[in-house]
Amino acid sequence: MPAIGFIITAAVWWGLDKLAKELGFAWLILGFIYLAIITRGFRVKTTLPID
């Protein structure tokens, strides 16, 4: 099943426009930086606030 998911994801990424890929990677990098900040350099385990 993971292989099928990878193939589908790769096919979707292959069909994306260049701008969409650039924005997607920028959003991914921003999310990674945000995660590094809230975990204090990945030293603190995070919990999701569920209201």
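1. Is Ile33 buried, partly exposed or exposed? In this predicted model, Ile33 has a relative accessible area of 44%. Because buried means under 20% and exposed over 50%, Ile33 counts as partly exposed. Its place is in helix H2, and Ile33 is also one of the residues that make a nonpolar surface patch.

2. The overall architecture may be stated briefly. The protein has two helices and zero strands. Its radius of gyration is 15 Å, whereas the globule rule gives 10 Å for 51 residues; the protein is therefore more spread out than a compact globule. Along the principal axes, the C-alpha atoms occupy a box of roughly 35 × 30 × 25 Å.

3. Burial and surface composition deserve a separate point. Only 2% of the 51 residues count as buried. The protein exposes about 5100 Å², and carbon and sulfur atoms supply 75% of that area.

4. Helix H2 covers residues 18-38. At 1.5 Å a residue, its 21 residues should span 30 Å, and the end C-alpha atoms are indeed 30 Å apart, so the expected and modelled spans agree. Just after H2, Arg40 adopts a positive phi of about 50 degrees.

5. The nonpolar surface patch has an area of about 1100 Å². Trp27, Ile29, Leu30, Phe32, Ile33, Tyr34, Leu35, Ile37, Ile38 and Phe42 make up this patch. As general background, an α-helix has 3.6 residues a turn, so residues three or four places apart point the same way.

6. Leu35, a member of the patch, lies in helix H2. Its relative accessible area is 33%, and Leu35 is accordingly partly exposed. Leaving aside neighbours within four places in sequence, Leu35 is in contact with Phe42 and Thr46; of these, Phe42 also belongs to the patch. Leu35 and Phe6 are 29 residues apart along the chain, and their C-alpha atoms are separated by 24 Å.

7. Lys21 is likewise placed in helix H2. With a relative accessibility of 28%, Lys21 counts as partly exposed. Which residues does Lys21 touch, not counting those up to four places away in sequence? They are Trp13, Trp14 and Leu16. From Lys21 to Ile8 the C-alpha distance is 16 Å, with their positions 13 residues apart in sequence numbering.

Note on methods
Residues are numbered from 1 along each chain as its sequence is written. This is a predicted model: local features need pLDDT of at least 70, side-chain atom pairs count only at pLDDT 80 or more; totals for chains, interfaces and linings use all residues. Side-chain values use heavy atoms; hydrogens and water are left out. Helices (H or I, at least four residues) and strands (E, at least two) are DSSP runs, numbered from the N terminus. The expected span of a helix is 1.5 Å times one less than its number of residues. Buried means under 20% relative accessible area, exposed over 50%, partly exposed in between (1.4 Å probe, protein chains only). Contact means heavy atoms within 4.5 Å. The radius of gyration is taken over C-alpha atoms; the globule rule is 2.2 Å times the number of residues to the power 0.38. Accessible areas come from the Shrake-Rupley method with a 1.4 Å probe; for residues, only the protein chains shown count as cover. Patches are made of residues with over 30% relative accessible area and no salt bridge: like charges are joined within 9 Å, nonpolar side chains (Val, Leu, Ile, Met, Phe, Trp, Tyr) within 5 Å. A salt bridge is a side-chain nitrogen of Lys or Arg within 4 Å of a carboxyl oxygen of Asp or Glu.
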